[in-house]
Amino acid sequence: MTRTATAPRLLAPDSLPDHIDQLYRAAWALCGSRYDAEDLVQETLAQVLKKPRFLRDNNEIGYLLRALRNTFNNRYRSAASRPVTRELFENDAPAVDDGSRLSAREIMEAVADVPDPYRDAVIAVDILGLSYREAARSLRAREATITTRLHRGRQHLARRLLDDEPDSAS
């Protein structure tokens, strides 16, 4: 059976609302959560609408489902490369050797006192949760440079926190 080649056709943005229910059901099956499914559909449609899309066949829903799956996989990949983080509360601060605790304010002030290039690496990786590769890209530095700056920044931070603690206890 021979397949006749059809000319590529522009995906009409006006036709996208016709497929939202199907995309939502597929997204819910992928995510397992209604709220994540809504976000995934919205992100997928935003990506599709960024530039004109040409279809080789007339299968709009097939194209949109592939875009949905690719968006989901990209999200999963980027989430898997980031460390698991959670919000820091005052009572989460680690205890120092003498039994006293550091406040979140003291920790953030100590981070602010770290020299600029080291501070940027500490903020990107330890506070924002970026991977070393993402931090290197956003700070326009090599990954090895980020590793070095992060190590030195953490040393500055530890010295500052440990040096300040005896002064505040007296």
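This tour moves through a predicted model, stop by stop, with a selection to make at each one.

**The whole chain**

Begin with the complete protein in a cartoon view coloured by secondary structure. Seven helices and two strands make up its secondary structure. Followed from the N terminus, the elements come in the order β-α-α-β-α-α-α-α-α. Colouring by accessibility is a useful second view: the protein has 170 residues, of which 28% count as buried. Among contacts in the protein with a separation of 6 or more, 60% are made by residues 24 or more positions apart.

**His19, ahead of the H1 helix**

Select His19, which sits in the loop between strand E1 (9-10) and H1. Is His19 buried or exposed? His19 has a relative accessible area of 13% and is therefore buried, the cut-off for that class being under 20%. To see its surroundings, add Glu60, Ile61 and Leu64 to the selection; these are the contacts of His19 once neighbours within four places in sequence are set aside.

**The aromatic pair in H1**

Next, show the side chains of Tyr24 and Trp28. A search of the whole structure yields one aromatic pair. Tyr24 and Trp28 are its two members, and their arrangement is tilted, with 5.7 Å from centre to centre and 50° between the planes. Why are these two separated by about one helical turn? Tyr24 and Trp28 are four residues apart in helix H1 (residues 20-31), so about one helical turn lies between them. In an α-helix there are 3.6 residues a turn, so residues three or four places apart point the same way.

The accessibility of each partner may be inspected in turn. Tyr24 is partly exposed, at a relative accessible area of 21%. Trp28 also counts as partly exposed, with 37% relative accessibility.

**Where H1 meets H2**

Keep H1 displayed and add helix H2 (residues 34-49). Two packed helices are described by the angle between their axes and the distance between the axes. For H1 and H2, the angle is about 125° and the axes are 8 Å apart. The two helices are therefore oblique to each other, and the crossing of H1 and H2 is right-handed.

To display the contact itself, select these residues:

- from H1: Ile20, Leu23, Tyr24, Ala27, Trp28, Leu30 and Cys31;
- from H2: Arg34, Asp36, Ala37, Glu38, Leu40, Val41 and Leu45.

By class, the contact of H1 with H2 comprises 11 nonpolar, no polar and three charged residues. Both members of the aromatic pair, Tyr24 and Trp28, are in this list.

**Leu40, within H2**

Centre the view on Leu40, a residue of helix H2. Its relative accessible area is 0%, so Leu40 is buried. Which residues does Leu40 touch, not counting those up to four places away in sequence? They are Ala27, Leu30, Cys31, Leu68, Thr71, Phe72 and Arg75. A distance label between C-alpha atoms links this stop to the aromatic pair: Leu40 and Tyr24 are 16 residues apart along the chain, and their C-alpha atoms are separated by 8.3 Å.

**Where H4 meets H5**

Move along the chain to helix H4 (residues 104-113) and helix H5 (residues 116-127). These two pack at an angle of about 140°, and their axes are 8 Å apart. Accordingly, H4 and H5 are oblique to each other. On the H4 side, select Met108, Val111 and Ala112; on the H5 side, select Arg119, Ile123 and Ile127. The contact of H4 with H5 consists of five nonpolar, no polar and one charged residues.

Now select the buried residues of H5, namely Tyr118, Ala121, Val122, Ala124 and Val125. Just after H5 comes Gly129, with a positive phi of about 80°.

**H6 and Glu134**

The final stop is helix H6 (residues 132-139), in which Glu134 is placed. Within H6, Glu134, Ala135 and Ala136 are buried. For Glu134 the relative accessible area is 18%, so this residue falls in the buried class, which means under 20%. Which residues should be shown around Glu134? Add Ser81 and Arg82, which Glu134 touches when residues up to four places away in sequence are not counted. Conclude with Arg140, the residue that follows H6, where phi is positive, near 55°.

Methods. Residues numbered from 1 in each chain as written. Predicted model: local features only at pLDDT ≥ 70, side-chain atom pairs only at ≥ 80, totals over all residues. Heavy atoms only, no water. Axes fitted to C-alpha atoms, helices over the stretch in contact; angles between N-to-C directions. Parallel < 35°, antiparallel > 145°, perpendicular 65-115°, else oblique. Contact = heavy atoms within 4.5 Å. Nonpolar A, V, L, I, M, F, W, Y, C, P; charged D, E, K, R; others polar. Phe/Tyr/Trp six-rings, centres within 6.5 Å; stacked < 30°, edge-to-face > 60°. Buried < 20%, exposed > 50% of the residue type's maximum accessible area, 1.4 Å probe, protein only. Left-handed = near helix turned anticlockwise from the far one by under 90°.
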